Amino acid sequence: MSILDSLPDEPEEDPSAESPTSLNQCSDKQAQLTHPQLKADAPLKMVETAFLASTASLIWFINFYFPLGPLLRVFFPVPIALVYLRWGRRAAWMAALTSGLLLAVLMGPFRSLLFIMPFGFMGVLLGATWYRRRVPWIVSIILGTLLGSLGVFFRLWLLSVLSGEDLWIYLITQVTEFIEWLFLKLGLLASPSVFLIQVGAIALIILNNFIYLFVVHLAAWLLFDRLGNPIPRPPHWVQVLMDYEG
């Protein structure tokens, strides 16, 4: 027998027995593997929110000084609504606030308010109704119409204060001429009453905002599907009219 054979065997290490330090290291590694997406999403969320907020401000800025008709107006609330769909409510409010601050620097605080009310709030509202694709179009359009109509009255009030003239009277004059022309075409000899003119002005504002919100929904539907952030499906007759399958 050799000396090596006579030596006692060394005890084998139990693989199940691990030190607390190694257990902590394993748990830390598992936590890092479990939450890598949260660390990667934080800068992406900040960059996208800032980029889309500046996009909304730039669209308003270009349309104010170089108006292109209704083309750019349709996209006023769209970038902020996209922020809501991608990153949630808090990011959408931050985008609306950032857009307002940027426009306040570029154009002054009063013109910035004209964007915030109603289009900044409208972007957050539309994003909230489109989130999770549960609210039908008619509900989001009606809510947006009410907010847009309030925005028109706010704009008339603010511009009247700044200009020192009552712009509501100017709107009433335009509506009066339209109603008198309509009465003439219908062969009515009576003149429209003040109450009828007031109701006609309010109805015209609501109708204008209703059509605007429908066009905004249509543009967002076609655009967001291609960006991977779909909104609720439109009524069937709209899909048939647009010959769109999605």
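This is a walk through some side-chain features of the structure above, which is a predicted model.

Let's begin with helix 8, which spans residues 137–163. S149 is found in this helix. Is S149 buried or exposed? With a relative accessibility of 7%, below the 20% limit, S149 counts as buried. If you set aside the neighbours within four places in sequence, S149 is in contact with I205, I206 and N209.

Helix 8 also has a part in the surface. A nonpolar patch there is formed by I138, V139, I142, L143, L146, L207, F210, I211 and V215, and together these residues have about 740 Å² of accessible area. Two elements, helix 8 and helix 10 (194–227), each give two or more residues to this patch. Which of them supplies the largest share? That is helix 8, with 5 residues. One of the patch residues, V215, has its place in helix 10. The relative accessible area of V215 is 34%, so this residue falls between the 20% and 50% limits and is partly exposed.

Now let's turn to the rings. How many aromatic pairs does the structure hold? The count is 16. In one of these pairs, F119 meets Y212 edge-to-face, with 6.2 Å from centre to centre and 75° between the planes. This pair links distant parts of the chain, since F119 is in helix 7 (residues 109–130) and Y212 is in helix 10, 93 residues apart. Both partners fall under the 20% limit: F119 is buried, at a relative accessible area of 3%, and Y212 is buried too, at 9%.

Another pair brings us back to helix 8. The ring centres of W137 and W221 lie 6.1 Å apart with their planes at 85°, and because that angle is over 60 degrees, the pair is edge-to-face. Here again distant parts of the chain are linked: W137 belongs to helix 8 and W221 to helix 10, 84 residues apart. W137 and W221 are both buried.

Y212 deserves a second visit. Along with W60, F76, F115 and F119, Y212 forms one aromatic cluster. What lies over the face of the Y212 ring? It is R73, at 5.1 Å from the ring centre.

Charged pairs make a good last stop. Side chains of opposite charge can pair when their charged atoms come close. In this model the count comes to 2 salt bridges. In one, the side chains of E48 and R86 meet at 2.6 Å, N to O. This salt bridge also links distant parts of the chain, with E48 in helix 3 (residues 36–65) and R86 in helix 5 (residues 78–87), 38 residues apart. Are E48 and R86 buried or partly exposed? E48 has a relative accessible area of 17%, under the 20% limit, so E48 is buried. R86, in turn, is partly exposed, because its relative accessible area of 34% lies between the two limits.

R233 and D225 also form a salt bridge, and their closest N and O atoms are 2.9 Å apart. At 24% relative accessibility, R233 is above the 20% limit for buried residues and therefore counts as partly exposed.

How values were computed. Residues are numbered from 1 along each chain as its sequence is written. This is a predicted model: local features need pLDDT of at least 70, side-chain atom pairs count only at pLDDT 80 or more; totals for chains, interfaces and linings use all residues. Side-chain values use heavy atoms; hydrogens and water are left out. Helices (H or I, at least four residues) and strands (E, at least two) are DSSP runs, numbered from the N terminus. Buried means under 20% relative accessible area, exposed over 50%, partly exposed in between (1.4 Å probe, protein chains only). Contact means heavy atoms within 4.5 Å. Patches are made of residues with over 30% relative accessible area and no salt bridge: like charges are joined within 9 Å, nonpolar side chains (Val, Leu, Ile, Met, Phe, Trp, Tyr) within 5 Å. Accessible areas come from the Shrake-Rupley method with a 1.4 Å probe; for residues, only the protein chains shown count as cover. A salt bridge is a side-chain nitrogen of Lys or Arg within 4 Å of a carboxyl oxygen of Asp or Glu. Rings of Phe, Tyr and Trp (its six-membered ring) pair if their centres lie within 6.5 Å; planes under 30 degrees apart count as stacked, over 60 as edge-to-face and the rest as tilted. A charge sits over a ring if NZ of Lys or CZ of Arg is within 6 Å of the ring centre and within 35 degrees of the ring normal.
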